[in-house]
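Me: I would like to go through this model with short questions. Please show it before we start.

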Amino acid sequence: MTDEADRQTSFPTSPKHVRFVELSSTAMSALLDGDLPTASNTAGVALTEYFVTDRARWLWRVRIDQMAADPGHASWMMRQAVTGPEGVVIGHAGFHGPPDEAGMVEIGYSVAPDFRRQGYGRAILIELLRRAAAEPAVKTVRATISPDNVASLATIAGFGFVQVGEHWDEEDGLGLIFEVPANRSC
C-alpha cells in the first residue's frame, strides 16, 4: 500500500497489527496432503493444525482450482495473516478473486481459534480494505456473512458496510451480503 493511498483513505484502527504472507498453490497442495512441515517450509512461516482442518482443506481445493484456471489471479487469493516479529500465523485471508467487471471484490478471512476475540479479525479486515483501496480497479468491497456469525457481524460494524441482500450457498447456507465503497475519502 502506498503512502498516497493511506492519505486518501480513512480506516478505523486496531491495536493489533497483521501482515499478509502469500500462500502459494504448492503450500496449499501440501496442506491438502496434511503435510504441515512441507507447507510451512514452502510458506516460510510455521502453519498449525488449523490449516489442515476439513473446512480449510475445502478452501485450499477451491483456491487451487481457481489459481490453476487463471494463474494471474493468484495475487488476489490466499494469504496467511501473520503478527509480530516472530511471524506467528493467526489465520488466513484474501479475496474470492480479482475485481469483477463492476469493480467488486469479495473478502474472506478466518482467525485461528487460539487468536479469536483478541482484535485480530478487525486487524485482518483493515488490511484487506487497505489492499482493496490501493487498487484503482476496485470500487466495492463485499462481505457475505451468516446471520448466526455474531463475531463476524461485529467485526464489520463500524467500517461502513451496508447490507445489500442475501445469498443461499449450498456449502454455507444463508449469507447476508454487505458492501462498502473501496475508497472512502477522509
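Me: Which residues are exposed on the other side of H4, away from its buried residues?

Reply: This is a predicted model, where local features need pLDDT of at least 70, side-chain atom pairs count only at pLDDT 80 or more, and totals for chains, interfaces and linings use all residues. Residues are numbered from 1 along each chain as its sequence is written, and side-chain values use heavy atoms, with hydrogens and water left out. Helices (H or I, at least four residues) and strands (E, at least two) are DSSP runs, numbered from the N terminus; exposed means over 50% relative accessible area, buried under 20%, partly exposed in between (1.4 Å probe, protein chains only). On that other side of H4 the exposed residues are Asp 54, Asp 65, Ala 68 and Ala 69.

Me: Why do the buried residues of H4 count as lying on the same side?

Reply: The buried set is Ala 56, Leu 59, Trp 60, Arg 63, Ile 64 and Met 67. An α-helix has 3.6 residues a turn, so residues three or four places apart point the same way. The arc is that of the directions from the helix axis to the C-beta atoms. The buried residues of H4 share a side because their arc around the axis is only 135°.

Me: What do the buried residues of H4 pack against?

Reply: Contact means heavy atoms within 4.5 Å. One helix and two strands take part: helix H2 (25-32), strand E2 (78-83) and strand E3 (88-95).

Me: How far apart are the end C-alpha atoms of helix H4?

Reply: The expected span of a helix is 1.5 Å times one less than its number of residues. For the 16 residues of H4 (residues 54-69), that gives 22 Å. The model agrees, with the end C-alpha atoms at 23 Å.

Me: Is His 92 buried or exposed, and what is its relative accessible area?

Reply: His 92 lies in strand E3. Beyond its neighbours within four places in sequence, its contacts include Leu 59, Trp 60, Tyr 50 and Tyr 109. His 92 is buried, and its relative accessible area is 7%.

Me: Which residues of H3 are exposed on the face turned away from its buried side?

Reply: In H3 (residues 36-43), the buried residues are Leu 36, Ala 39, Ser 40 and Ala 43. They lie on the same side of H3, since their arc is only 95°. Their cover includes strand E1 (19-22), H2 and E2. The face turned away carries Pro 37 and Asn 41.

Me: In which sense do E4 and E5 pair?

Reply: Two strands pair if DSSP finds at least two bridges between them. Strand E4 (residues 104-111) and strand E5 (residues 140-145) have three. One bridge sets Val 105 against Val 141. The sense is parallel.

Me: Which residue in E7 stands opposite Ala 143?

Reply: E5 and strand E7 (residues 173-181) run antiparallel. Six bridges join them. Opposite Ala 143 stands Phe 178.

Me: What is the relative accessible area of Thr 144?

Reply: Thr 144 lies in strand E5. Leaving aside neighbours within four places in sequence, Thr 144 touches Glu 106, Gly 175, Leu 176 and Ile 177. Thr 144 is partly exposed, at 30%.
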